[in-house]
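Student: I'm new to this one. Could you take me through its salt bridges, slowly and in one go?

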Amino acid sequence: MRFILLGPPGAGKGTQAQILAKTLGVPQLSTGDMLRAHVALKSELGLQVNRYLQSGGLVPDEIILQMIENRLQEADAQIGFVFDGFPRTLIQAKELEFICQKLNIKLDGVIFIKVSDDEIVERVCGRCVDVTTGQIYHVKYNPPPPGVEIKIRDDDQEEIVRHRLNVYKENTAPLVQFYESKGILKIVDGTGLIGSVTQRVLESVN
Ligand code: AP5
């Protein structure tokens, strides 16, 4: 099972990727999580990319592509994966095709999670994440259990979220047509209960 979850910030890619990864027994490959881990470690890469994450801009394609090519060669990714937040530009999508060819990998599908702009802002501005496990919660729609230590992402402030949305529209939205033309795009309504979205996602991959 090799899937891409595509959609605007806050569409629920991370939430659904965590569930899919557990259900299908494959790793969730989130470029956002990988980059934040580098920033937290203050690695050379983390120092290089921090300003992009803070501003809500995109990290340069060549950095992302190198990170993905390396990650795809790790043992756990050999049985399959769920991409969350990658690819995000046409260059990344086209280069991914070369990487897949080189590593003899075939993508099974691209799931586009559709949610309106207003809902996105409300979702992202209420997001919190378990410090220990990385589990994603929402203060209203999916509150964390009592006692869980949570944190809020630096880029989840309304002004930055609106910028991320513009960056998405300019750079990532064209991928919907790109994958549609390849015949591998599935469109899923991302509204309603998290469990209902999961059901639609699973139906689309079966
Ligand atoms: P990244 O971490 O990928 O952020 P994003 O794409 O903006 O997506 P989000 O994580 O904000 O949203 P999501 O769709 O995962 O939603 P979630 O499930 O959390 O990227 C961050 C930054 O890293 C980028 O700005 C960029 O700088 C850099 N970057 C990353 N990848 C890159 C790449 N490939 N190229 C270049 N730069 C890159 O849900 C959001 C909230 O909604 C949560 O609170 C959740 O509980 C709630 N929620 C989910 N589903 C529902 C539902 N059905 N109903 C109600 N609430 C829901």
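Tutor: Here is a walk through a few of the charged pairs, after a quick look at the whole chain.

Keep in mind that this is a predicted model. The protein chain has 9 helices and 8 strands. Its radius of gyration is 16 Å, close to the 17 Å that the globule rule gives for 206 residues, so the chain is as compact as a globular protein of that length.

Now for the charges. Side chains of opposite charge can pair when their charged atoms come close. A search of the whole structure turns up 14 salt bridges.

Let's start with Asp-117 and Lys-169, whose closest N and O atoms are 2.5 Å apart. This pair links distant parts of the chain: Asp-117 sits in helix α6 and Lys-169 in helix α7, 52 residues apart. Asp-117 is partly exposed at 31% relative accessibility, and Lys-169 is partly exposed at 42%.

Stay in helix α6 for the next pair. Glu-119 forms a salt bridge with Arg-123, with 3.2 Å between the closest N and O atoms. Because they are 4 residues apart in that helix, Glu-119 and Arg-123 are separated by about one helical turn. Glu-119 is partly exposed at 25%, whereas Arg-123 counts as buried at 15%.

Last, look at Asp-155 and Arg-164, a salt bridge whose closest N and O atoms are 3.5 Å apart. Asp-155 counts as buried, at 10% relative accessibility, and Arg-164 is buried with a relative accessible area of 10%. These two also belong to a network in which salt bridges with shared partners join Arg-127, Arg-153, Asp-155, Asp-156 and Arg-164.

Key:
Residues numbered from 1 in each chain as written. Predicted model: local features only at pLDDT ≥ 70, side-chain atom pairs only at ≥ 80, totals over all residues. Heavy atoms only, no water. Helix = DSSP H or I, 4+ residues; strand = E, 2+ residues; numbered from the N terminus. Rg over C-alpha atoms; globule rule 2.2 N^0.38 Å. Salt bridge = Lys/Arg side-chain N within 4 Å of Asp/Glu carboxyl O. Buried < 20%, exposed > 50% of the residue type's maximum accessible area, 1.4 Å probe, protein only.
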